[in-house]
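Thanks for making room for this on the agenda. I would like to walk through one model with you, beginning with its charged pairs and then moving outward to the contact between chains and to some of the strands.

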Amino acid sequence: MSDRAELTRVEESMPERTQQLPTITPVVDIFENDDEILLHADMPGLKKEAISINIDNGRLVLSGTRTLEKSGAVSWEEFGDVEYRRVFSVPQTIYVAKVNAELNNGVLKLQMPKFEKAKPRQIEIKAE
Amino acid sequence: MWTSTGDINRMFGAMDLLRSRMNRVLTDFDRSYSDDVGWRLAADGAPRTNLYDSGDHFVVVAEVPGMAKDEIDIKVQGNYLELSGTRNKEIPEGYKVHRTESPASTFTRSFTIPSDVDVEKVQASLRDGLLTLTLPKAEAAKPKQIDIR
């Protein structure tokens, strides 16, 4: 019986182990032009309230927790509740205050404009 | 060598912790180390699905991120269900592609539902990249309450 007691104690002393959702990385598409960078991430089943986007010090952290509504007995289940998480390095040229995000059909679309001065500029040659 | 199960448990606990830390590290490096739910079937482009049985109807949920409702085809006959679709990917005009991890794909996936369904009353809805099908069971397949006389 003392073993049993010990078992419970071990379980309790390791809060990290309990209640941890599997963490998966969302698949992304990344596009860029002279003005901005676009990042599209597949996050099916997430509501916009459940997603957090954090840009700090050149790191973009996308994370979100999916909680599915379940109805009835499970016959098979190929996906479940997960935590989406992915970290990207973003260049310092991103105008963080103007980053725009929208969620459409389970795809998160981030629009990250670049600073005016970071955009490439064509230099005209003046002729005499 | 081990004097009590407590020691063994502690060791496994530490290993679990290490594994989850490793998982986190590798996730940051762009790949998943885990065999957890979330990666199966992803490679061939067919959506992952769940099937629930709620007594008088079945519920099928499929992951279809980025797909519009006219890109998905659903066929039901008796206890046979077929989902097919095409995921179009358009590169935004004038943009350079850095990465495409989910290319355009066409898939067909078929299922055998545990019992016949009432084809006329099947309903489908699409929200947040999840397709939810409600398939009422055929009259003969519904559970019945039997009164004892």
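Counted over all chains, the structure holds 14 salt bridges, and I should say at once that this is a predicted model, so that everything I quote is computed from predicted coordinates. The pair I would like to begin with is A:Arg66 and B:Glu63: A:Arg66 lies in strand S5 of chain A, residues 59–66, while B:Glu63 lies in strand S2 of chain B, and the pair therefore joins two chains. In this salt bridge the closest N and O atoms are 2.6 Å apart.

Are these two residues buried or exposed? A:Arg66 has a relative accessible area of 1% and so counts as buried, the cut-off being under 20%. B:Glu63, with a relative accessible area of 7%, is buried as well.

B:Glu63 has a further partner within its own chain, since it also forms a salt bridge with B:Arg48, where the closest N and O atoms are again 2.6 Å apart. That pair links distant parts of the chain, with B:Glu63 in strand S2 of chain B and B:Arg48 in the loop between H1 and S1 of chain B, 15 residues apart. Both B:Glu63 and B:Arg48 are buried.

For a pair in another setting, please look at B:Lys142 and B:Glu139, whose side chains meet in a salt bridge with an N to O distance of 3.5 Å. Here B:Lys142 is partly exposed, at a relative accessible area of 26%, and B:Glu139 counts as exposed, at 53% relative accessibility. To return to the earlier residues, A:Arg66, B:Arg48 and B:Glu63 are joined into one network by salt bridges that share partners.

Let me now turn to the interface as a whole. On the side of chain B, 57 residues are in contact with 51 residues of chain A. The area buried between the two chains is about 4700 Å², and carbon and sulfur atoms give 52% of it. Which residues of chain B lose the most area to chain A? They are B:Tyr52, B:Tyr95 and B:Asp128, which together account for 14% of what that side buries.

As for specific interactions, the count between chain B and chain A is 5 salt bridges, and the rule finds 24 residue pairs in polar contact across this interface, both residues being at pLDDT 80 or more. Several elements of chain B each supply at least two residues of the side that touches chain A, namely helix H1 (5–28) and strands S1 (49–53), S2 (57–63), S5 (96–100) and S6 (105–112). The largest share comes from H1 of chain B, with 12 residues. Sorted by class, this side of chain B has 21 nonpolar, 18 polar and 18 charged residues.

The two chains are also connected through strand pairing: strand S6 of chain A, residues 73–77, pairs with S1 of chain B in the antiparallel sense over 4 bridges. Within that pairing, A:Val74 stands opposite B:Tyr52 in S1 of chain B, and B:Tyr52 is, as I said, among the residues of chain B that lose the most area to chain A.

I would also like to go back to strand S5 of chain A, where A:Gly64 has its place. A:Gly64 counts as buried, at 4% relative accessibility. Leaving aside its neighbours within four places in sequence, A:Gly64 is in contact with A:Leu46, A:Ala50, A:Ile51, A:Val82, A:Glu83 and A:Tyr84. From A:Gly64 to A:Pro113 there are 49 residues in sequence and 23 Å in space, C-alpha to C-alpha.

Lastly, there is strand S9 of chain A, residues 107–113, which is mostly covered, with 5 of its 7 residues buried. Which strands pair with S9 of chain A? Strand S3 of chain A, residues 36–42, pairs with it in the antiparallel sense over 7 bridges, and there A:Ile37 has A:Met112 as its bridge partner. Strand S8 of chain A, residues 100–104, runs antiparallel to S9 of chain A and is joined to it by 5 bridges, with A:Asn104 partnered by A:Val107. S8 and S9 of chain A form a hairpin with 2 residues between them, and A:Asn105 in the turn has a positive phi of about 50 degrees.

Definitions and conventions:
Residues are numbered from 1 along each chain as its sequence is written. Chains are lettered from A and ligands numbered from 1 in the order in which they are written. This is a predicted model: local features need pLDDT of at least 70, side-chain atom pairs count only at pLDDT 80 or more; totals for chains, interfaces and linings use all residues. Side-chain values use heavy atoms; hydrogens and water are left out. Contact means heavy atoms within 4.5 Å. Buried area is the accessible area (1.4 Å probe) that two parts lose on being put together, summed over both. A salt bridge is a side-chain nitrogen of Lys or Arg within 4 Å of a carboxyl oxygen of Asp or Glu. A polar contact is a pair of N or O atoms within 3.5 Å; within protein, one must be able to donate a hydrogen and the other to accept it, and residues adjacent in sequence count only if both atoms are side-chain atoms. Ala, Val, Leu, Ile, Met, Phe, Trp, Tyr, Cys and Pro count as nonpolar, Asp, Glu, Lys and Arg as charged, and the others, Gly among them, as polar. Two strands pair if DSSP finds at least two bridges between them. Buried means under 20% relative accessible area, exposed over 50%, partly exposed in between (1.4 Å probe, protein chains only).
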